[in-house]
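Thanks for coming, everyone. I have one structure to show today, and I will go through it place by place. Here it is.

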Amino acid sequence: MTDPQATTAEVLSPLHDEHVALGATLVPFAGWQMPLRYTSDLAEHLAVRSAAGLFDLSHMGELEITGPQAGLALDVALVGHLSAVAVGRARYTMIVQEDGAVIDDLVVYRLADERFVVVANAANVDVVRDELLARIAPFDAELVDASRSTALIAVQGPRAEEIVASVTASEDVEAVTSLVYYAATDATVAGVPALVARTGYTGEDGFELFVAAELAPGLWRALLAAGEPLGLVPAGLAARDSLRLEAGMPLYGNELDRTTTPHDAGLGRVVRLGKTDADGAPLEFVGRAALVARQGAQPSRVLVGLEVLGRRAARHGYDVLTGTGPDAVVAGTVTSGAPSPSLGHPIAMAYVTPEVSAEGTELAVDVRGRREPVRVVPLPFYRRPRQA
């Protein structure tokens, strides 16, 4: 089955026929044709918060770095200390320019002493691959782009563990259910060999399953069948975006870009300035000098959460104003904004000047010529309830 609306310029997911059969609304996204929604954005969002959602993330990039110096090469190429990551664990990190600005935010898995997988955002796979190839060239390490041969399926929500465990081979169930956050293990799921990671982008517990592209449809159908009685629904890009916004997670192109350093985004903790070489000297990774200078500098802007006090949503690119009166001036820009299904009112993230970044500060957003009152609140907006 194919979609007559697909263009030759758009890559089709290995799960494309599954989406068409489920009646998904398909849209162009980062060069791919991906499901925006299946039923309604609200229903899919709330299903993830209350039960579980099934996501196709096959548009993400998977870049395998192997070799005796793979860890050292990544230490030089990225801001994180990847050689210190234990086998079977993952780390959130970034690749930056020499000036410290973010090229992409990444998750790196260490699968063996000399094998790592770098997961890049779909729109940035080519540039990240090319940058990594150049940066690891001096080292005894190799890069293989496995993006097109790998499918990625996520199960997110409070019943995710129950669903994934129900279709996991009995000998692998304990290894899967005992995973901690940002850890991964090999397992057979619905008869398919998979790398199962306890990671996600929704603010809920959940798993991401990396599998060979040709095996993805069978796994998708098995997870859907196992999860439907427990409330699982297929979920598209729209729900994924509103979920990550509630969780205060950055989106490349919104909160992160080539004008933004990790410190600007409140993510300076991912920068490991203390990395050392074999002689104990500071390791000169790409962007280090700029990030050392940035660490102690007064920020020119701060990423904050905004609670919208009215009913009109603040959207990406809208101006943040110092108030509602005639003397109001622009104090920042909204990076992401939408109604929050979980909280019942609109929310947004924005970069604002430090002077107006304190919690409780009342500001306004220019929503198509009308000033909508907002209040600065802590991030994230939503935290999943602690389980008993």
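Let me start with a question: does Y182 count as buried or exposed? Y182 counts as buried, because its relative accessibility is 17%. The cut-off for buried is under 20%. A word of caution before I go on: this is a predicted model.

Stay with Y182 for a moment. Y182 sits in the loop between helix 6, residues 173–177, and strand 11, residues 184–189. Its backbone stands out. Phi of Y182 is near 65°, and that is a positive value in a residue other than glycine.

There is another case of this kind. A190 is not a glycine, yet it has a positive phi of about 55°. Where is A190 found? A190 is in the loop between strand 11 and strand 12, the latter running over 192–197. A190 is partly exposed, since its relative accessible area is 31%. So strand 11 has Y182 in the loop before it and A190 in the loop after it.

Now the backbone further along. A cis peptide bond joins L379 and P380, with omega at about 0°. P380 lies in the segment after strand 20. F381 is found in that segment too, and strand 20 covers 370–377.

What does F381 touch? Leave out residues up to four places away in sequence. Then F381 touches L245, E246, G305, L306, L343, I347, A348 and M349. F381 is buried, because its relative accessible area is 14%. For a sense of distance, take F381 and E62. They are 319 residues apart in sequence, and their C-alpha atoms are 30 Å apart in space.

Next, A265. A265 is in the loop between helix 8, residues 237–246, and helix 9, residues 288–295. Loop or not, A265 is buried, because its relative accessible area is 9%. Its contacts, leaving aside neighbours within four places in sequence, are E255, L256, T260, L303 and Y351. A265 can also be placed relative to R301. The two are 36 residues apart in sequence, and 8.9 Å apart from C-alpha to C-alpha.

On to helix 2. This helix spans residues 41–50, and within it E44, H45, A47, V48 and R49 are buried. What do these buried residues pack against? The list has strands and a helix. The strands are strand 3 (32–37), strand 4 (52–56), strand 10 (150–156) and strand 14 (232–234), and the helix is helix 8.

That brings me to charges. How many salt bridges does a search of the whole structure find? The search finds 19. I will pick out a few.

Take R37 and D41. They form a salt bridge, and the closest N and O atoms are 2.5 Å apart. R37 counts as partly exposed, because its relative accessibility is 24%. D41 counts as partly exposed as well, at 29% relative accessibility.

Then R129 and D126. Their salt bridge has its closest N and O atoms 3.1 Å apart. Why are they separated by about one helical turn? Because R129 and D126 are three residues apart in helix 4, residues 125–136. D126 is partly exposed, with a relative accessible area of 48%. This pair belongs to a wider set: D126, R129, D130 and D145 are linked in a network of salt bridges.

One more pair. The side chains of E362 and R375 meet in a salt bridge, at 3.5 Å from N to O. E362 lies in strand 19, residues 362–367, and R375 lies in strand 20, so the pair ties together parts that are 13 residues apart in sequence. R375 counts as partly exposed, because its relative accessibility is 28%.

Last stop, the surface. Which residues gather in a patch of negative charge? They are D113, E114, D140 and E142. D113 sits in the loop between strand 7, residues 102–112, and strand 8, residues 115–120. D113 counts as exposed, because its relative accessibility is 58%. The cut-off for exposed is over 50%.

To close, keep two loop residues in mind. A265 is buried at 9%, whereas D113 is exposed at 58%. That is my tour. Questions, please.

Terms used:
Residues numbered from 1 in each chain as written. Predicted model: local features only at pLDDT ≥ 70, side-chain atom pairs only at ≥ 80, totals over all residues. Heavy atoms only, no water. Helix = DSSP H or I, 4+ residues; strand = E, 2+ residues; numbered from the N terminus. Buried < 20%, exposed > 50% of the residue type's maximum accessible area, 1.4 Å probe, protein only. Contact = heavy atoms within 4.5 Å. Patch = residues over 30% accessible without salt bridge, like charges linked within 9 Å, V, L, I, M, F, W, Y side chains within 5 Å. Areas by Shrake-Rupley, 256 points an atom, 1.4 Å probe, with all protein chains shown as cover. Salt bridge = Lys/Arg side-chain N within 4 Å of Asp/Glu carboxyl O. Lys, Arg positive; Asp, Glu negative; His and termini not counted. Charge placed at Lys NZ, Arg CZ, Asp CG, Glu CD.
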